[in-house]
Amino acid sequence: MIKLDAKIPEGPLAEKWSRHKRSVKLVNPANKAKLDIILVGTGLTGSAAASSLGELGYNVKAFCFQDSPRRAHSVAAQGGINAAKNYRNDGDSVYRLFYDIIKGGDFRAREANVYRAAEVSNQTIDQLVANGVPFAREYSGYLDNRSFGGVQVSRTFYAKGQTGQQCLLGAYSGLNRQITAGKVTMYPRRDMLDIVIIDGKARGIITRNLVTGEIERHSGHAVVLATGGYGTIYYLSTLALGSNVSAAWAAHKKGALFANPSFIQIHPTSLPQLNDYQCKLTLMSESLRNDGRIWVPKIKGDKRQPNDIPEEDRDYYLERRYPAFGNLVPRDVASRAAKERCDAGFGVGKTGLSVYLDFKDAIKKQGKKAIENKYGNLFEMYHKISGDNPYEVPMRIYPAGHYTMGGLWVDYNLMTTVEGLYAIGEANFSDHGANRLGAGSLMQCSGEGYFILPITIGDYLAGQIKTPRISTDHPEFEVAEKAARDKIKKLMAVNGKQTPTTFHRRLGKIMWDYCGMVRNEEGLKKAAVLVKELEEEFWKDVKVVDTELELNQELEKAGRVADFFGIAKLMIQDALSRKESCGAHFREESQTPDGEAKRIDSEYAYVAAWEYAGDDKPQILHREDLKFENVELKERSYK
Amino acid sequence: MNITLEIWRQKNARSKGKFVTYKLDGVSEEMSFLEMLDYFNKTIVEKGGEPVAFEYDCREGICGCCGLHINGYAHGGAHETTTCELRMTKFKDGDKITIEPWRSRAFPVIKDLIVDRSAFDKILRAGGFITANAGAAPDANAIPIRKVDADEAFDSAVCVGCGACVAACKNSSAMLFVSAKISQFAFLPQGRVEAVQRVQKMVARMDELGFGNCTNTGACEARCPKGIKLTNIARMNREFIGAKLGSQIVRH
Amino acid sequence: MSNITLRYSSLTKKIVMALAGLFLITFLFVHLTVNLMLLFDPTREMFNAGAHFMVTNPVIQFMQIFLFGGILIHIIFGLILQIQNWMARPVGYKVTGWSHTSPFSKFMIHTGIIILIFLTVHIINFFLKAKTGQVNPIQYGDVEYEDMGLLVVDLFKNGGYVIFYVIAMLLLAFHLHHAFQSAFQSLGLNHSKYTPFIKGLSAVVSIVLGLGFMLIPLVVFFSDKF
């Protein structure tokens with residue numbers, strides 16, 4: 001029987017992390033060189049962790065499915081990274097950042113973790129600047145800040161609309177330095193297929209070399225997953241097409257509990273779906289909402305061109321509904337409001353599934369040059385894809401699947417329920433509760449990678465110094481490798497008619513319709529049946545080209561889709577069991593009279609951590625009750 | 001619309017490749033170029049054939065994975081556009097589209113249209129970093145950086161490492177890529193500390209990897225999807241001359 | 001020689017190419033100045049005096065070592081760089097689009113090789129003859145010079161040679177059009193303020209030198225004063 005222990009240190013909130021740092025066990029430098037750490041995923045958090053762990057002297061084996069760590073989808077984060085520097089003298093502080101994240105997450109995150117994330121945010125900015133990340137600056141030469149959705153201070157550091165790219169390249173350069181120093185060995189173009197557990201401890205992984213098709217064994221004293229999120233469950237999402245849940249899912253099947261799987265953020269400002277061929281929805285940074293105004297026509301089905309619709313016929317619905325925050329309400333609120341207007345028939349565009357994001361007033365007030373300076377590359381990107389020039393006509397946007405707040409359950413040390421198996425960054429569930437605030441993911445990812453994991457992992461590894469290098473000949477490696485090979489054989493043996501992508505697209509549609517922005521019991525139950533049927537069809541009719549020992553992109557996709565079925569079922573189960581609305585999880589049965597999300601703290605103030613019980617069995621719920629000692633639980637209002 | 005595709009097919013790094021011509025019906029001009037290839041692959045797989053391997057990930061022009069030589073141009077030749085951002089509106093019914101992988105000795109073909117660009121990573125590992133351990137950094141505002149310098153550093157730092165500069169250069173030179181990283185750090189006080197060693201190490205590594213030499217033709221700049229400027233190469237040359245002339249002989 | 005040069009880094013080779021090239025351009029200006037003297041004085045006295053000076057002045061003789069060194073280095077480095085560039089792409093593209101960059105820059109090796117052929121003929125025709133005393137003397141007052149001018153005029157009355165010469169100079173101009181500004185780029189001298197000027201200057205240099213050299217055979221051929 002698994003017992004959840006978050007291992008939150010004693011003491012006042014503000015001192016927990018520093019006390020914990022003082023008390024964790026240390027590994028002496030000579031012993032660090034004898035310890036191997038496997039790190040899967042080298043996006044922002046993975047690269048940052050690899051560089052820090054390498055600097056400390058551990059041997060790191062780092063894996064990614066791309067050809068280079070620089071390609072990870074952290075690269076696509078646009079708007080910025082938060083830190084409580086209070087460079088703007090606007091009353092910001094670590095506590096306020098902590099409070100904003102807790103409130104933004106609709107009180108479904110762990111206080112101690114969130115406070116720590118806010119605390120290390122300042123160090124993170126220092127580190128990134130030292131690594132040569134060219135953040136935007138004022139004429140004085142000091143760093144510039146902007147404000148971002150869901151908060152009332154300016155604490156977001158940014159590098160035009162490419163902050164994620166610049167942060168990732170910064171962390172990647174640190175990783176490169178450790179590769180040169182011989183402390184990190186990089187294994188690119190590898191898919192992680194399974195985790196190897198020996199005597200209850202994570203000791204290795206099984207990978208497929210995506211170029212040669214070889215199945216490989218790698219061992220280590222600890223395994224760290226930094227494998228990102230699974231927003232691609234919706235097929236159409238803002239994520240990279242390669243983003244997947246497979247590594248986290250393999251960990252889950254081997255005993256790591258999966259927390260809040262149905263908490264997926266739907267980002268309000270993405271390009272709308274234009275046609276049926278589309279393979280992804282491009283994100284337009286939330287920062288656009290600082291200057292853009294969101295509206296739909298007041299008249300249902302108004303077919304006039306946007307610039308021909310006069311002010312009095314425009315409904316700036318966010319400003320109308322949420323006068324205090326206006327266009328800057330948190331993402332979940334903005335997304336649902338857009339869906340509400342479109343469902344009510346006020347949507348624009350060919351499909352009626354989009355709303356306007358208008359810069360006319362901002363350009364009039366600040367000048368085209370100022371707007372171009374802030375958003376130039378985003379405007380260009382929009383222009384390229386849609387063919388419309390956003391300097392002249394309003395952008396059309398619609399919500400899209402984006403970020404997974406849910407993920408592998410971890411304790412304060414970022415360890416999962418499997419000993420020696422860690423999860424960092426988007427792959428874990430820890431900091432964002434039921435909804436992530438803008439510019440929070442880069443903050444969490446780099447903080448955990450640079451400053452948190454490298455310290456907390458020592459606490460475990462200090463107990464492993466007597467364990468010699470793990471041999472990959474251990475029978476557990478045999479078993480795991482055979483299972484991985486069998487899965488590949490099974491996929492190839494189906495030899496049906498439909499491509500893996502066809503199934504992915506169909507699965508995505510089911511999940512988007514019934515387990516997306518708005519959920520209800522009837523829909524979720526229906527989705528559970530549909531997903532099960534689709535999964536059965538998949539195993540009867542999927543077509544995987546039979547070239548095992550070679551680069552085989554269809555096989556990669558098929559393996560990932562097979563795992564998506566698992567997480568889809570778990571998401572539905574999780575969404576069904578949480579009969580309240582909170583953050584991104586909106587249950588129609590639980591709303592206020594004016595249509596806002598209604599939390600039920602008396603029953604659901606917990607983290608739902610699910611234990612795997614078999615492929616076709618419902619999973620077992622474990623609750624980690626959330627204690628709020630430093631903030632008062634209240635209705636999240638942005639009015 | 002109906003189009004003809006002429007695509008380089010190569011089973012793996014060891015085998016010899018060849019061009020194969022395919023007819024493709026039912027292409028919509030609403031597709032992106034890669035969505036057209038997705039659609040093409042779907043038709044092949046459903047007929048039991050082997051799909052064309054090509055690299056992609058973000059599909060929004062920022063990860064740098066995609067890179068095809070389309071009708072004679074890296075990324076298809078549209079201004080500051082990656083292959084994934086290219087739309088089928090650029091083509092018309094009856095067009096023949098020739099798709100080739102990047103061609104360079106330093107970028108060997110892995111399969112079909114996928115090449116191995118790890119040479120870029122190797123160059124960066126030679127010195128494309130600042131030696132700053134986590135925890136050692138001073139406050140982020142401790143060193144002011146002129147806005148113009150920060151902006152210039154940013155403009156050089158937006159390189160996505162797609163390799164179009166190498167693919168477009170008649171000499172397969174990687175100098176635009178290398179100089180962009182050198183320039184980024186040259187503009188920042190944090191990067192200046194190691195500038196002398198950095199430029200020499202990175203240039204030496206670039207030379208070892210079999211890239212060609214720069215003849216200042218400017219094809220790289222013209223094809224760069226991120227608008228990296230040729231001035232970066234001049235800056236690298238300047239840094240290099242300064243490093244060679246100014247550095248002291250190290251005696252052990 | 002080539003083993004040593006191969007060891008230099010790509011940038012060193014580029015920089016040496018640029019320095020040698022710029023040095024050769026200065027020589028071309030001196031050469032053109034002397035050549036133009038022929039047009040101003042049909043008696044050839046001015047030209048022959050200039051040529052005499054060039055052949056006998058000890059400073060110029062000393063500089064000749066650098067001149068030939070420069071030419072040699074420019075050729076050798078140019079060839080090595082080019083061979084490396086060809087080797088950098090063992091499999092070419094089937095379709096190559098026309099990039100909108102400087103057209104002259106794409107044919108530097110081709111124009112360079114033709115200029116090298118011209119140079120060889122040129123050296124055999126003039127320089128070697130002057131150096132080995134195969135040129136007839138001519139008397140102006142009480143000074144005597146080798147009549148280099150006559151050698152020139154004789155050749156320039158030959159239509160075929162004039163065509164060869166003019167084409168070579170045209171290609172020289174193409175070569176220089178890219179070369180001059182390119183040298184500045186190679187030396188790291190690129191600046192948003194001054195580079196447009198250097199590029200303009202490059203065009204002027206190529207036109208002045210190309211046209212200047214071309215003018216002489218054309219005038220000599222078509223005029224009866226010579």
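Q: At about what angle does helix α13 of chain A run to β7(A) as it lies across β7, β8 and β9 of chain A?
A: In this predicted model, the three strands of chain A form an open sheet with the order β7-β8-β9 and antiparallel pairing. Helix α13, which spans residues 475–494 of chain A, lies across these strands. Its direction, taken against that of β7(A), makes an angle of about 145°.

Q: Which strands are the edge strands of the sheet β7-β8-β9 in chain A?
A: Neighbouring strands of this open sheet in chain A are turned by 25° against each other on average, when direction is ignored. An edge strand can be recognised by the fact that it pairs on one side only, and this applies to β7 (190–198) and β9 (215–219) of chain A.

Q: Which residue in β9(A) is the bridge partner of Arg208(A)?
A: Strand β8, residues 201–209 of chain A, runs antiparallel to β9(A), and five bridges join the two strands. Within β9(A), the residue that partners Arg208(A) is Ile215(A).

Q: Which residue of chain A forms a salt bridge with Lys85(A), and how far apart are the closest N and O atoms?
A: Lys85(A) sits in the loop between β3 (81–82) and α4 (94–104) of chain A, whereas its partner lies in helix α5 (residues 111–130) of chain A, so that the pair, 41 residues apart, links distant parts of the chain. A salt bridge requires the nitrogen to be within 4 Å of the carboxyl oxygen. Here the partner and the distance between the closest N and O atoms are Asp126(A) and 2.6 Å.

Q: Which residue of chain B meets Lys85(A) in a salt bridge?
A: The count of salt bridges between chain B and chain A is eight, while the structure holds 77 over all chains. In the salt bridge that Lys85(A) makes with chain B, the N to O distance is 2.9 Å, and the residue on the chain B side is Asp139(B).

Q: About how much area do chain B and chain A bury between them?
A: Of the two pairs of chains in contact, chains A and B share the most contacts, and their contact takes 73 residues from chain B and 77 residues from chain A. On the chain B side, Glu60(B), Arg125(B) and Phe154(B) lose the most area to chain A, together 11% of what that side buries. Carbon and sulfur atoms carry 53% of the buried total, which is about 6200 Å².

Q: About how much area do chain C and chain B bury between them?
A: This contact takes 33 residues from chain C and 43 residues from chain B. In chain C, the residues that lose the most area to chain B are Leu11(C), Arg89(C) and Tyr93(C), together 19% of what that side buries. The buried total, 52% of it on carbon and sulfur atoms, is about 3100 Å².

Q: Which residue of chain C forms a salt bridge with Glu6(B)?
A: Across the interface of chain C and chain B, the rule finds one salt bridge. In the pair that includes Glu6(B), the closest N and O atoms are 2.3 Å apart, and the partner is Lys94(C).

Q: How far apart are the closest C-alpha atoms of chain A and chain C?
A: Chain C makes contact with chain B, but no contact joins chain A and chain C. The closest C-alpha atoms of chain A and chain C lie apart by 20 Å.

Q: At roughly what angle do the axes of α3 and α6 of chain C cross?
A: Phe47(C), Asn48(C) and Ala51(C) in α3(C) meet Met148(C), Gly149(C) and Val152(C) in α6(C). By class, this contact has four nonpolar, two polar and no charged residues. The axes of α3 (residues 45–56) and α6 (residues 148–156) of chain C come within 8 Å and cross at roughly 115°. That angle makes α3(C), relative to α6(C), roughly perpendicular.

Q: Which residue takes a positive phi in the hairpin of β1(C) and β2(C)?
A: Four bridges join β1 (residues 137–140) to β2 (residues 143–146) of chain C, and the two strands run antiparallel. One of the pairings sets Ile138(C) against Tyr145(C) in β2(C). The hairpin has two residues between the strands, and the residue with a phi near 60° is Gly141(C).

Key: Residues numbered from 1 in each chain as written. Chains lettered and ligands numbered in written order. Predicted model: local features only at pLDDT ≥ 70, side-chain atom pairs only at ≥ 80, totals over all residues. Heavy atoms only, no water. Axes fitted to C-alpha atoms, helices over the stretch in contact; angles between N-to-C directions. Parallel < 35°, antiparallel > 145°, perpendicular 65-115°, else oblique. Contact = heavy atoms within 4.5 Å. Nonpolar A, V, L, I, M, F, W, Y, C, P; charged D, E, K, R; others polar. Pairing = 2+ DSSP bridges. Buried area = accessible area lost by both parts, 1.4 Å probe. Salt bridge = Lys/Arg side-chain N within 4 Å of Asp/Glu carboxyl O.
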